[in-house]
Amino acid sequence: MAHAPEPDLASGDPGDERPRWDNKAQYLLSCIGFAVGLGNIWRFPYLCQTYGGGAFLIPYVIALIFEGIPLFHVELAIGQRLRKGSIGVWTAVSPYLSGLGLGCVMLSSLVSLYYNTILAWVLWYFLNSFQHPLPWSSCPPDLNRTGFVEECQGSSAVSYFWYRQTLNITADINDSGSIQWRLLICLAACWAVVYMCVIRGVETTGKAIYFTASFPYLVLTIFLIRGLTLPGATKGLSYLFTPNMQILQNPRVWLDAATQIFFSLSLAFGGHIAFASYNSPRNDCRKDAVVIALVNSMTSLYASIAVFSILGFKATNSYERCLDRNILSLINEFDFPEQSISRDDYPAVLVHLTATQPRRVARLPLKACHLEDFLDKTASGPGLAFIVFTEAVLHMPGAPGWAVLFFGMLFTLGLSSMFGNMEAIITPLLDNGVLPRWVPKEALTGLVCLACFLCATCFTLQSGNYWLEIFDNFAAPLNLLIFAFLEVVGVVYVYGMKRFCDDIAWMTGRRPGPYWRLTWRVVSPLLLLTIFVAYVTLLARKPLSYRAWNPQYELFPSRQEKLYPGWVRAACVLLSLLPVLWVPMAALAQLLTRWKRTWRDRDVRPDTNTR
Amino acid sequence: MMVPLHSSVGVRARSCLHKNKNKQQQNTSSTKMTKLHNSMIPVLLLRNNIHVFTYIHRKENTRQKGAENAFKVRLSIRTALGDKAYAWDTNEEYLFKAMVAFSMRKVPNREATEISHVLLCNVTQRVSFWFVVTDPSKNHTLPAVEVQLAIRMNRNRINNAFSLNDQTLEFLKIPSTLAPPTDPSVPIWIIIFGVIFCIVIVAITLLILSGIRQRRRKNKEPSEVDDAEDKCENMITIENGIPCDPLDMKGGHINDAFMTEDERLTPL
């Protein structure tokens, strides 16, 4: 067992002063910024709405209490106590667990690659928002200027701008296409911004976080106020929050609540460990854990209110335009005076006309307009931001300003999460002295950013979006669950519950109570195990497929369901296994070195009994 | 407010007689109007009552030339202007005929078109009507292709005469030329990108330079302190004039019994 320093001498590496946060606020804001990310905006509202509105909050809060906060406390405490990045921490807990730290670093690198690509997309939209009219408000005309481009006509201007003018996506993942230079330079700019903010570690991150962590809240408040004053907002909110208690019987709800809490807090990346390692040793990490977890959940709720008031407005707007189109068809067909049929009269008029002139009415392209259909047309993930919300923004007066605010908010949200990811990579590398001492920190950070940028250029290919979905679905979730399980088991059973409680008592002044001890010992590991098994079962049940954007598809603009080819499936498996494999490999390596040493010692002193 | 279906009588005295009022059909498809179903007999009465033209449109196989050359126009004045909407009366119709005649005059060989050659028909409350342009001899109507070309070339002027646009003043069968996309020579996003990127590069350079300067200052401090100590020692030995070699710690014997403070504790 490695010799862990006594609590009194836990002041960091001898000789080299460990960087510190300037004040507590920087540390809190950094952790909050890392935890609060794009998922709070585009995943939580979607889950809330799909799983019975207000009723979803019940499994969510339960998961928060029994899984989120305990795991979070473990991460902060162990990082603050051992004052190292994830590799150093887990090597100090047990040399056999050093693979856990390596796996975390690898996972953080994989996640940084695709997360910053999403930020590049956000930056592209941000740059295009500074014009009126917005470029996604209308279809471009076709070559002979008699109509609009066919692909745009078939889908919508917003979808066309996203799939064609931004991604220029191919119809199949096998078809890689060429690198999109626009996205490439946006990606370069994003990595430059990230480099600028993490160049000297917490010294620069701590200053940048003041802006990147608080700006989203400002914008969310502005959107909330604006959204609540738009017509149709209340419909969206009531649709979101109307509880449907029946849905709690579906086990999928509990699984999704648990995974949402888990990913939302950005656990098991090693980022929180890195942040906590720059704290002063005597810091109340228990209070920090509770505060940050609660702030994260409150932000999710706050964001979903803002998002859904805007989506309610959008649905009402679409519904009214649908009605207006029908009314216009009727008026044009029967030559009624303009504006003679109001939206309220429309059903009665339609009934009358269908009774008296059925054949003429039947020939008209009348669509059925139901508000619920439009409210149901929500989405999660990039679809929410780049398609649904951009369309909603089009109909708000002063659209470019709102688009700039929205994409600026998304950019700063993602940026603060990127800080955590980068610190999770850089802090362990610095601690382990990967580069010689004379190489300045700026060079190491620059090398890491450059390497990540070069690897991420594959996402700027035309099939990049498909690969990004693969990374998002396979690289992160399973590995994070395994790592979190190993973390809590490693701390409680390998490091020792008693020793851990002593450390926490030294750091915070109070021993952890029975709630903490029970969740750490039993509840959280069990929960994680259950989630992992359920996740794998669900994954194994359905074939690996993706939805492609294919203009030649018969049911265009619906996306075509295609199966992943064999080599892509192999890549998925590789991505899921690569970070986790470090754990057994490192343990094996440690075992081999131990055996070699015992054999060597036995050869040197054959008569004494060495252990 | 419900409007009786049968009344397609215009506000003014001019009216189109229909052979079969109950089976009045109007194809309202905006761009794909090609055939007229069922029979329709509009009778045109000119404002000056000089000529009466009767167009009898039978089913598709016996259609006369006139039907192909007529265009339906639909105006949405209230949608476009709201409160400032004007009422559609004969004066407006006169202006319309004037604009059409003006457009036709721009076509080569048709400079002699007069307002009286343009015939309006079947004005509804929607406001929509049919119009056709006859040639000076009043024997036949001008071919649709010419009229279409004329209208397309002068669409902007016609729209402006009525304070409407392509969507609110519709010529069914005549597709409007879409405005070319107004691309500035340098797209706006590149300009903003350039600004942001330059700021970031400058900031990175400044941070790196300040880091280098900080490190150089840190490296210079311990060496400066060392230089000062050496200088003091040299000065003392020189100034005194007495060779201080015996007093020099390096030259003299070290008293082993005397241990300095630092050496008492074993290093970690």
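This note sets out points on an annotated site in chain A and on the contact between chain A and chain B, in a model that is predicted.

1. The annotated site. The unreviewed UniProt entry carries the annotation "binding site" for G33(A), A35(A), V36(A), N40(A), S264(A), N296(A), L413(A) and S417(A). These positions are spread over 385 residues of sequence, yet they cluster in space, with a largest C-alpha distance of 12.6 Å.

2. G33(A). Among the annotated positions is G33(A), which is part of helix 1 of chain A, residues 24-35. Buried is the term that applies to G33(A), because its relative accessible area is 4%, against a cut-off of under 20%. Apart from neighbours within four places in sequence, G33(A) touches L413(A), S416(A) and S417(A). Of these contacts, L413(A) and S417(A) also carry the "binding site" annotation in the UniProt entry.

3. N40(A). Helix 2 of chain A, residues 38-42, contains N40(A). N40(A) is likewise classed as buried, because its relative accessibility is 2%. Once neighbours within four places in sequence are set aside, the residues in contact with N40(A) are A35(A), P45(A), S264(A), N296(A), T299(A), S300(A) and A303(A). A35(A), S264(A) and N296(A) are also among the positions annotated in the UniProt entry.

4. The N40(A) side chain. Which side chain makes a polar contact with that of N40(A)? The partner is the side chain of N296(A), at 2.9 Å. Both residues belong to the annotated set in the UniProt record.

5. Extent of the interface. The contact between the chains involves 43 residues from chain A and 42 residues from chain B. About 3,800 Å² is buried between chain B and chain A, and carbon and sulfur atoms contribute 64% of that area.

6. Polar and charged pairs. Between chain B and chain A there are 2 salt bridges. One of them joins E442(A) to R215(B), whose closest N and O atoms are 2.9 Å apart. In addition, 9 residue pairs are in polar contact across the two chains, counting pairs with both residues at pLDDT 80 or more.

7. The chain B side. Strand 3 (71-75), helix 2 (77-81) and helix 6 (188-240) of chain B each provide at least two residues of the side that touches chain A. Helix 6 of chain B gives the largest share, 16 residues. By residue class, the side of chain B that touches chain A comprises 22 nonpolar, 14 polar and 6 charged residues.

Notes. Residues numbered from 1 in each chain as written. Chains lettered and ligands numbered in written order. Predicted model: local features only at pLDDT ≥ 70, side-chain atom pairs only at ≥ 80, totals over all residues. Heavy atoms only, no water. UniProt positions renumbered as here; feature names shortened; annotations may be inferred. Helix = DSSP H or I, 4+ residues; strand = E, 2+ residues; numbered from the N terminus. Buried < 20%, exposed > 50% of the residue type's maximum accessible area, 1.4 Å probe, protein only. Contact = heavy atoms within 4.5 Å. Polar contact = N/O pair within 3.5 Å; in protein donor to acceptor, adjacent residues only side chain to side chain. Buried area = accessible area lost by both parts, 1.4 Å probe. Salt bridge = Lys/Arg side-chain N within 4 Å of Asp/Glu carboxyl O. Nonpolar A, V, L, I, M, F, W, Y, C, P; charged D, E, K, R; others polar.
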